[in-house]
Every structure is written in C-alpha cells, then in structure tokens.
Amino acid sequence: MAGWARAVRGLLLDVSGVLYDSGADGGVPIAGSAEAVRRIKASGLKLRLCTNETQATRENFVKKLQGMGFDVSVSEVTAPAPAACHILKERGLRPHLLVHDDLVPEFAEIDKTNPNCVVLGDAAENFTYANLNEAFRVLIGMEKPVLISLGRGRYYKETDGLKLDVGAYMKALEYACDVQAEVVGKPSKRFFESALAEMGVLAEQAIMIGDDIVNDVGGAQQCGMRALQVRTGKYRPSDENHPDVKPDAYVNNLAEAVDIILQQM
Amino acid sequence: MAARRALKAVLVDLNGTLHVEDSAVPGAQEALKRLRSAPVTIRFVTNTTKESKRDLLERLTRLGFDIAENEIFTSLTAARNLLEQKHVRPLLLVDDKALPDFTGIGTDDPNAVVVGLAPEHFHYEMMNRAFRLILDGAPLIAIHKARYFKKKDGLSLGPGPFVTGLEYATDTKATVVGKPEKTFFLEALRGTGCAPEEAVMIGDDCRDDVGGAQDAGMRGILVRTGKYRPADEDKINPAPYLTCESFPEAVEHILKSML
C-alpha cells in the first residue's frame with residue numbers, strides 16, 4: 001500500500017504549517033498535530049523538529065509550542081541560528097544582524113563589533129527600508145560582501161494571511177550588491193544532515209514532513225530522505241503539480257501521515 | 001548603403017542632454033527652435049520616478065525651452081499607458097510627487113502593482129500587500145530596476161532590489177517600463193504614428209539612451225554632455241549611429257543629413 005511508509009526509524013517535522021500556523025496572537029495549532037506528535041513519541045520512532053523559524057530563541061519557541069499542547073523540548077529542535085553561530089565562529093565572521101528582535105539572544109556569544117558580514121533572518125516588521133539600507137551599506141562597503149541568510153523561503157502562512165519570508169529580502173540584497181548569499185537552514189544539505197546526525201538516524205531511514213514543497217520536501221529528498229507534502233500551512237493547490245519536486249506522497253495533514261506510518265510499523 | 005526610411009520623429013533625453021541640472025546646454029534653446037522647423041515629431045523622454053510632467057515642464061520652461069506638456073514622455077507615462085492598455089487598477093508604490101501622472105486611473109480594489117522609488121512605501125506591511133496581490137495574479141510593473149543611487153549621505157537602495165524580492169516571492173517577472181527597455185521607446189513613439197526605423201534618439205547615456213533606442217530599432221545619437229565619459233561610445237554594440245559634442249550639433253546633423 002504506502003510503500004514510502006516502510007522501514008522508518010525517524011521523522012523530521014517542519015513546524016510552521018505542520019504543527020501550527022503562526023500569527024500575531026501567538027498562533028493556532030493545526031487540528032490533530034499535537035496528538036500526532038504524542039503518537040510518534042509513544043511508537044518509539046525518533047523525532048526531530050527541523051525548522052527555519054527565526055522569530056524567537058529556541059527556548060521561547062519551544063515554550064510557545066508546549067503552551068499549545070505539543071510535547072516537545074529544546075533538545076529536539078534543529079534551527080538556523082545556532083547553525084549560523086557555528087559558521088560565524090568557524091570563519092571569524094562578525095555579523096551585522098538584520099533579524100527579528102527576539103532572535104538576537106541566540107547571538108549573545110558572538111562578537112558583533114566592526115561587522116564583516118550580514119546575517120539576515122525572518123525579521124518581519126524589522127524589514128524597514130532604513131534597516132535594509134543599513135545592511136546594504138555594510139555589504140556594499142566590503143570588498144567581498146558576505147551575506148548569510150537563515151533560510152531562503154519565499155513566504156509563509158500566518159493566521160492573517162501569507163507573508164514575505166527571508167528569501168525575498170535575501171534576493172533583494174543579492175541583487176543590490178551583485179552577490180550570492182550563503183543559506184543556513186533548509187534547504188541546505190548541511191542543515192538536514194546535522195538534524196539526522198543529532199537524531200542518530202540515516203537518511204534512508206528518515207521521512208521529512210513539511211508544507212514548503214521546495215525547501216522542506218525538495219531539500220530533504222536531495223539528501224536521500226523520503227519527504228511528504230502536507231496540505232496545511234502555506235500549501236497551495238499548484239503545489240500538486242510542481243515542475244521540479246515530486247513528494248513521496250501528499251497527505252492532508254500531519255495526523256494523516258502519522259496514521260499511515262504507524263499502520264506500516 | 002541600404003536605403004533608409006525618412007526621419008519622422010526625434011526623441012530627446014532631458015537631464016544631461018537639453019540641460020545639465022539647472023543650466024541649459026549652451027545653444028540648446030535655439031537648436032530646438034531650428035529642429036521645430038523640420039517636418040518631425042518631437043518627444044522629450046526621461047526616466048523618472050518622482051517628477052510629474054508638470055514639474056518637468058516647469059523646469060524646462062524656466063530654462064527657456066518652448067515645450068508642450070503632451071510632448072513629454074516619462075517612465076511614469078509608460079507605466080500609466082500600460083495600466084490603461086491592461087485595464088487594471090494599480091496599487092501605486094510611488095513617490096507622492098508622481099501621483100499627478102496617474103490622475104484618472106482608478107486605484108480602489110487594486111489588481112496591479114506599480115513600483116517606483118518610494119522608500120516610504122517599502123516597509124513590511126506594504127510589501128506584503130503588494131506580494132499578496134501579485135501572488136493572486138496582479139501584474140507587477142516596475143518603473144525601473146535601479147540597484148541603488150547616490151545620496152548626500154551615501155549609497156541607498158533603489159527600487160530594483162524590492163522588485164526582485166517580489167519577483168522571487170511570487171515566481172513572476174516584472175514588466176520594466178523605463179529606459180533602456182524596448183517598451184519605453186515603443187511607447188514613446190506610440191501616438192506619433194512613426195515606426196522605430198523612422199526615429200532617432202538623442203541622449204548622454206550611452207547604454208540607457210542610445211543602446212536602448214538602437215535595440216528598439218531606432219538610430220541613436222550620443223552627445224558628450226551630462227554623464228558622458230570618454231570612450232562611452234565603445235561600450236555598446238552596435239556603436240552609436242553618431243557621437244557628437246552636444247544637442248545643437250546633433251540637431252545640425254539631423255537637419256543636414258537625416259531628412
């Protein structure tokens with residue numbers, strides 16, 4: 001029946017659009033998702049939240065999810081900011097940050113004086129002309145501009161509609177400075193591989209479940225994982241016929257995916 | 001040499017060609033008078049995102065040029081024409097000073113997006129409004145896609161980066177209406193009844209004025225005033241039809257050799 005659901009040892013879950021829909025009010029859980037997470041954990045399958053969310057620290061992010069009834073912890077989260085800090089330290093980079101105010105604490109240990117690169121996150125209301133101009137001036141003043149983007153999503157869904165994601169602003173600065181950004185987070189291979197390593201599961205034994213057909217599904221498949229496209233979150237009917245990405249299956253939501261997977265175990 | 005069609009229209013760039021900032025190019029007013037004695041339609045063309053035709057007319061009149069408002073064609077005019085052709089209602093992300101050029105175009109319940117240089121509109125909320133319209137099928141029209149421009153306190157982002165971001169987010173391509181796009185030159189000629197092969201463009205920007213015009217099928221005359229730098233004429237292929245000192249010399253050449 002569902003061949004794709006066999007021989008699974010771990011699940012990577014996107015968060016926004018799979019577990020809940022974000023919004024100014026904090027967000028709304030997606031029906032059946034909290035129960036689905038409980039069932040995954042009870043089944044013995046390994047679980048990893050693989051998210052590009054950069055509007056909060058991992059602590060606050062997890063607190064919010066727990067408040068909505070999700071049984072998850074910080075140790076189960078793979079997120080871009082810590083991955084970016086690794087890279088900044090590795091390469092002696094001092095960032096000018098254009099990120100959401102609530103993400104800044106993730107960079108507390110990083111030297112931000114005399115910046116020699118720009119780190120771009122999902123800054124939402126901080127994406128003002130003045131802030132973008134400031135980031136632009138840092139880049140254009142460098143001989144070899146270094147732009148690190150936490151993800152490259154085009155948009156995401158909030159409770160009050162679709163909103164521009166960091167990718168749009170990454171492209172804006174790339175165009176302005178004639179430079180190519182380095183992406184930390186989905187769909188970068190390094191990001192998925194670190195999630196698998198943290199989970200202790202091989203790619204062939206893992207399934208990624210997400211609402212972003214390119215960055216979640218396509219990105220995961222390129223690492224040798226199976227991947228499912230949910231019809232919640234930012235999903236749009238045109239995703240059923242994507243010219244480049246063929247998910248291993250389309251499912252209505254996380255609950256349905258977990259039903260099918262657990263049936264095969 | 002192949003037989004050329006007779007010259008019927010002359011497009012003239014403004015800043016850098018007829019005048020440089022607030023001073024007329026020496027002899028330009030007189031040269032324009034002489035050009036008007038010829039059987040050609042004249043259009044004054046420029047990229048701008050915040051000067052209405054009225055503003056431009058005022059400046060040119062002050063400098064002693066005899067010009068009618070309907071002879072002026074700007075990238076804003078090109079955008080307006082496109083909106084009228086498509087019968088759409090725009091969300092206008094343009095400088096307030098540009099709004100007079102859109103009078104008469106309905107903006108309620110927009111189903112198109114026009115982007116000019118308008119930092120006051122490039123905040124997250126407005127960008128999201130534009131994004132959602134375009135994602136739902138609204139055409140995106142860009143006055144131009146300049147990456148940045150020089151201000152007194154340094155370089156500043158132009159409209160190009162914001163247009164690019166919207167294109168990426170919506171997986172669509174903007175229609176760019178300013179120089180050096182073909183659309184600009186063809187639109188400038190619309191209403192003159194002249195084909196590109198019957199027209200010549202005079203300008204100081206080798207790539208945007210002369211290159212763009214020649215790509216549209218016109219001939220181009222490069223003048224050595226304004227932003228011209230030595231050897232600019234070597235930077236485009238084919239080279240300008242003619243390179244000369246300034247607007248008066250260009251007019252002389254037209255009167256002597258192109259009619």
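Cys223(A) is buried in this predicted model, with a relative accessible area of 13%. This cysteine takes part in no disulfide, and the nearest cysteine sulfur, belonging to Cys50(A), lies 9.2 Å away. A disulfide here would need two cysteine sulfur atoms within 2.5 Å. Cys85(A) is another buried cysteine, at a relative accessible area of 7%. Over all chains the structure holds zero disulfides. Cys85(A) is likewise unpaired, and its nearest cysteine sulfur, that of Cys117(A), is 11 Å away.

Let us turn to where the two chains meet. On one side are 30 residues of chain A, in contact with 29 residues of chain B. Together the chains bury about 2,600 Å², with 62% of that area on carbon and sulfur atoms. Within chain A, the residues that lose the most area to chain B are Tyr129(A), Leu164(A) and Tyr175(A), and together they account for 29% of what that side buries.

What about polar links across this boundary? There are 15 residue pairs in polar contact between chain A and chain B, both residues being at pLDDT 80 or more. Four elements of chain A each supply at least two residues to the side that touches chain B: helix 4 (129–140), strand 9 (155–158), strand 10 (161–164) and helix 5 (166–177). Helix 5 of chain A gives the largest share, eight residues. The count of salt bridges between the chains is one, and it joins the side chains of Arg137(A) and Asp153(B), 3.5 Å from N to O.

Finally, look at chain B by itself. Chain B is divided into domain 1 (9–47 + 179–258) and domain 2 (88–176). The centres of these domains of chain B, taken over C-alpha atoms, are 28 Å apart.

Notes
Residues are numbered from 1 along each chain as its sequence is written. Chains are lettered from A and ligands numbered from 1 in the order in which they are written. This is a predicted model: local features need pLDDT of at least 70, side-chain atom pairs count only at pLDDT 80 or more; totals for chains, interfaces and linings use all residues. Side-chain values use heavy atoms; hydrogens and water are left out. Domain bounds come from an automatic or database domain assignment. Buried means under 20% relative accessible area, exposed over 50%, partly exposed in between (1.4 Å probe, protein chains only). Contact means heavy atoms within 4.5 Å. Buried area is the accessible area (1.4 Å probe) that two parts lose on being put together, summed over both. A salt bridge is a side-chain nitrogen of Lys or Arg within 4 Å of a carboxyl oxygen of Asp or Glu. A polar contact is a pair of N or O atoms within 3.5 Å; within protein, one must be able to donate a hydrogen and the other to accept it, and residues adjacent in sequence count only if both atoms are side-chain atoms.
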